[in-house]
Amino acid sequence: MLKFRTIRGGLRLLGIPPASTAPAASPHVRRLEYKPIKKVMVANRGEIAIRVFRACTELGIRTVAVYSEQDTGQMHRQKADEAYLIGRGLAPVQAYLHIPDIIKVAKENNVDAVHPGYGFLSERADFAQACQDAGVRFIGPSPEVVRKMGDKVEARAIAISAGVPVVPGTDAPITSLHEAHEFSNTYGFPIIFKAAYGGGGRGMRVVHSYEELEENYNRAYSEALAAFGNGALFVEKFIEKPRHIEVQILGDQYGNILHLYERDCSIQRRHQKVVEIAPAAHLDPQLRTRLTSDSVKLAKQVGYENAGTVEFLVDKHGKHYFIEVNSRLQVEHTVTEEITDRPDWGWRRGTIRINGCAIQCRVTTEDPARSFQPDTGRIEVFRSGEGMGIRLDNASAFQGAVISPHYDSLLVKVIAHGKDHPTAATKMSRALAEFRVRGVKTNIPFLQNVLNNQQFLAGTVDTQFIDENPELFQLRPAQNRAQKLLHYLGHVMVNGPTTPIPVKASPSPTDPIVPAVPIGPPPAGFRDILLREGPEGFARAVRNHQGLLLMDTTFRDAHQSLLATRVRTHDLKKIAPYVAHNFSKLFSIENWGGATFDVAMRFLYECPWRRLQELRELIPNIPFQMLLRGANAVGYTNYPDNVVFKFCEVAKENGMDVFRVFDSLNYMPNLLLGMEAAGNAGGGGGGDVADPSRTKYSLQYYMGLAEELVRAGTHILCIKDMAGLLKPVACTMLVRSLRDRFPDLPLHIHTHDTSGAGVAAMLACAQAGADVVDVAADSMSGMTSQPSMGALVACTRGTPMDTGVPLERVFDYSEYWEGARGLYAAFDCTATMKSGNSDVYENEIPGGQYTNLHFQAHSMGLGSKFKEVKKAYVEANQMLGDLIKVTPSSKIVGDLAQFMVQNGLSRAEAEAQAEELSFPRSVVEFLQGYIGIPHGGFPEPLRSKVLKDLPRVEGRPGASLPPLDLQLLEKELIERHGEEVTPEDVLSAAIYPDVFAHFKDFTATFGPLDSLNTRLFLQGPKIAEEFEVELERGKTLHIKALAISDLNRAGQRQVFFELNGQLRSILVKDTQAMKEMHFHPKALKDVKGQIGAPMPGKVIDIKVAAGGKVAKGQPLCVLSAMKMETVVTSPMEGTVRKVHVTTDMTLEGDDLILEIE
């Protein structure tokens, strides 16, 4: 009799029979002659082929693999003793269905037996017969039994004759949609279509209404035909919420049938099993007996041989119904192997015991966040979960493996064994948590949710478990930080910096020196007063302070002016503790707002809110100050009032203390809105008040403006001299007048040192009664930045204006910034501008803009004409009515100036041709009134000529804007970016929607870039360079850049790294090379109407044509991947503008299918 060995992983369920001449014990049994099996071929691929090879090797049997042209790199062909190509020139699946080739290989290579595995030809009677006709053993049931069991209609009839209960269904495969209609009329909905000649969920569709019938019939037929070579279907009544229980059987050639108990396969998605459990939890013993006895009875009815499975549905009342017999080995046979250890003697003498519990999870390359769409590509990283009680069966799970769209998405089977269900579940959870798979998406996050679900742990699941537990899809995204950073570094190494570089200059090879910081908390500072006494008490303390107070702008305006706002949080954090410990007497640090907000996301790929949070933690004692552009918040346009109010509220929650509110036009309604929203201080403007020829912005103008601000409740009055126009005499005049008029109000002066007179001007302000002046670290001062901190400290030392700041600490601070500045050489204004210039008194260009204009002029080929640009700036300013020039009004003047120089226009010519010229958008929107009303009104007739019939905004622009629904915006962001959306993210998206979207997409691809040092961020590593990246405290990556390959046919280069001692490689698209190569266009996520492929696959049907009308939800085309078909539907109503695909075209994910307008 047939004996089964006790070795785990042996032949117990593989059904390879030893040679035997024992007498027949059943009328169904054939008498066989002795013929030992010396060589076995597996007519399959992947993990099941390897599983059989291993068993054969243990038995001393030689193994043979077959493989398709697409599988030349697959592991199963390497695990066999011999491997042969089949199906040359055929489609990937068809190769494994090509019986003549398989038989030919078997005959030519003296194969004794063929094992079919599962899927493909495993349930094809004609294949079993072909093997038999060729004199090769078929390891499975006889061809006749395969035919009977493979035909689910005949199997159903056999079950009925054996007295096994069945589900109501058709007696024969249906041949038309009309028959499906008739069945529905008789039994009602829901019904289910099933492939008559195969399983595994292929060709299986549930239908709930007549409206769904035709589409599901067509899809089921098509899937069955593609998967099994026969599209025949039969129809059953669909039993709702049953358990799916199957019984493992074994039969020998002599009529002996044995069952190995049951498995619970209820956890399914699209009728494909996801998790299997053996034995079934909480199964009534009497029901178990009925299930196993019916299985044995049915097998004996047909004279079943070898391994097979009898599948049942068990309804909520405990009634069981036969579904089908899988006359082959199943994917989940492994869980039964794990629990059925038994002594090594014959069936009649031994008893099979259940030993504990086993759970199998099918890890697939499917993305649960995108409806389990198959993912393809190259596995960049593979690390498995192992250890006691864990078994892994896989084939393609290794670093460098390519997952193709041609075959099943199964990557690895993970089997956990424990003494009971909870123990096995715990082991499985631990193993899944150890997995690291990078390069392709997997369903591991979903499986982890299943394993943690209380219903699963209680063992009370049914086939609706996944559908009824939507929280299973609340997936915790894998961080994948290391691999993402390697992708970024590789991208920079191949394509250069990701942020625009104004000039070609490399970062300094020397890191800045961080001065020593004492241990312990920093000393108390002015922030302690603010927190203790509030804004009013803080303002009193500032006013009563003896000596001059300083605000350090190095953390924002200084690097905005000198380095194009490019300084990263990484370098700010390094020096922050030193500032906290040594400059506690500062009035404040300006470190946020203004241009830093959008540049952080746009060019540095950092979250500006995180910068604020991290600096707040490192500097708890000094007030932070930000630049708030009134009703423009930190943007360049007006926003709904509720956005500005919410922005200030959240900024304060994140650590902001002082809001310096201004408006680019000194437009009081905008200023008041900003002040009200901030609940803090002030505003101001710039202009040459000492020049008697200037009458528009006179001393009287500024005094009147100050009166309005004080009446509005400002705590501190600030003079914001953006261009550095305040000469010492003007400083004395303006500050003394304000001091005399407002003796109790603190005065704060901000200037730029473009002319070189900044230190003298600030000393004059201090002597006239100013309380606070702005300075920058010495190495970050001068030119278009603020005056030197060291100069102000030294000049006031020992006088009544003494700042109290230790000068030697300023030297160390400056040394750090001198080194840090070298890292940003490509953005340094000294690359194109070698000094400040007193002509600023004539052109009035603000400091930060002066630098940017210089860069822009060079990038636009106007570097040699910068003098003309400055002259045109003066003319443009006069054309627009002599504006207060602060962001964004300064940008408007600058845009017009460059427009005039590019087009060779003088002021007179521009004004004369105003009706015909296409002015910059910023100029047109200014004239429309989108940023407010300038002092003295808009210039006429220029405004009327430019605008013609364009709409005009009357009054405060934001007053007419409806409130933004921030809750709706948050919901939209979560739908696009996942659950990790914060209140801060919502405000970033409200103010800079496109910039924020790009920032989120970029960091989702390339990871936490703020953990890279600036040199690596800008230019990447050099070959053979070794470096460390600290992801978080206690988690440090050790990386070495190894090599870059030549260009491949896909326009990619392979970049090699060593990460923590292990080889890693990534593929990077060479953007320059790809410009010269043709590739299918991608659908742009932000362009409404561009429909992209939701997964890689082949186009098998196109349902629309260009010019046709489509409704929302209407099918557009059908894709097939991994033998699963997906209908792509329209997300909107419209007209098809263009179809970009053809039938049989192979697509990658997000390839453009069509455009709808």
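In which strand does Y261 lie? Y261 belongs to strand β10, which covers residues 257-269. We can begin our walk there, keeping in mind that this is a predicted model. Y261 catches the eye for its backbone: phi is positive, about 65°, although the residue is not a glycine. For context, most residues other than glycine have a negative phi, and most peptide bonds are trans.

Y261 has company in that respect. H282 is also something other than a glycine, and its phi is positive too, near 55°. Its setting is a loop, the one between β11 and α10. H282 is exposed, because its relative accessibility of 61% is over the 50% cut-off. The loop between β11 (272-278) and α10 (285-302) also holds P279. Look at the bond leading into that proline: A278 and P279 are joined by a cis peptide bond, with omega at about -5°. Another cis bond can be found by moving along to E940 and P941, where omega is near 10°. P941 sits in the loop between α33 and α34 (942-947).

Let us turn to charged side chains. Side chains of opposite charge can pair when their charged atoms come close. How many salt bridges does a search of the whole structure find? The search finds 59. Some of them join up into a network, such as the one that links E246, R263, K273, E276, E311, E332 and R362.

Three individual pairs are worth a visit. Start with E434 and R430, whose side chains meet in a salt bridge with N and O 3.3 Å apart. Both residues are in helix α12 (residues 421-434), and because they are four residues apart there, about one helical turn separates them. E434 is partly exposed at 32% relative accessibility, and R430 is likewise partly exposed, with a relative accessible area of 29%.

A similar arrangement turns up in helix α33 (residues 921-928), where R921 and E925 are four residues apart, about one turn of the helix. Their side chains form a salt bridge of 2.9 Å, N to O. Here R921 counts as exposed, at 66% relative accessibility, while E925 is partly exposed at 27%.

Now for the pair E606 and R611: are these residues buried or exposed? E606 is buried, with a relative accessible area of 5%, and R611 is buried as well, at 3%. The two form a salt bridge in which the closest N and O atoms are 3.1 Å apart.

From side chains we can move to a sheet. Strands of a sheet pair through backbone hydrogen bonds, either parallel or antiparallel. In the order β30-β31-β32-β33, four strands make up an open sheet with antiparallel pairing. Which strands stand at its edges? They are β30 (1026-1032) and β33 (1062-1069); each has a single partner strand, so one side of each has no neighbour in the sheet. From one strand to the next, the twist averages 35°. Helix α15 (residues 481-495) packs on this sheet and touches β30, β31, β32 and β33, its direction making about 55° with that of β33.

Within the sheet, strands β31 (residues 1035-1044) and β32 (residues 1052-1059) run antiparallel and are joined by five bridges. A1043 stands opposite F1056 in β32. Q1052 also has its place in strand β32. It counts as buried because its relative accessibility of 17% is under the 20% cut-off. Neighbours within four places in sequence aside, Q1052 is in contact with D1046, L1047, L1067, V1068, K1069 and D1070.

Our last stop is a pair of helices. Two packed helices are described by the angle between their axes and the distance between the axes. For helix α24 (residues 728-741) and helix α25 (residues 758-768), the angle is about 25° and the axes are 8 Å apart. The two helices are therefore roughly parallel, and their crossing is right-handed. Which residues meet where α24 and α25 pack? From α24 come P728, C731, T732, V735, R736 and R739, and they meet A760, A761, A764, C765 and A768 in α25.

Note on methods. Residues are numbered from 1 along each chain as its sequence is written. This is a predicted model: local features need pLDDT of at least 70, side-chain atom pairs count only at pLDDT 80 or more; totals for chains, interfaces and linings use all residues. Side-chain values use heavy atoms; hydrogens and water are left out. A salt bridge is a side-chain nitrogen of Lys or Arg within 4 Å of a carboxyl oxygen of Asp or Glu. Buried means under 20% relative accessible area, exposed over 50%, partly exposed in between (1.4 Å probe, protein chains only). Two strands pair if DSSP finds at least two bridges between them. Axes are lines fitted to C-alpha atoms, for helices over the stretch in contact, and angles run from 0 to 180 degrees between N-to-C directions. Contact means heavy atoms within 4.5 Å. Angles under 35 degrees count as roughly parallel, over 145 as roughly antiparallel, 65 to 115 as roughly perpendicular and the rest as oblique. A crossing is left-handed if the near helix is turned anticlockwise from the far one by less than a right angle, and right-handed if clockwise.
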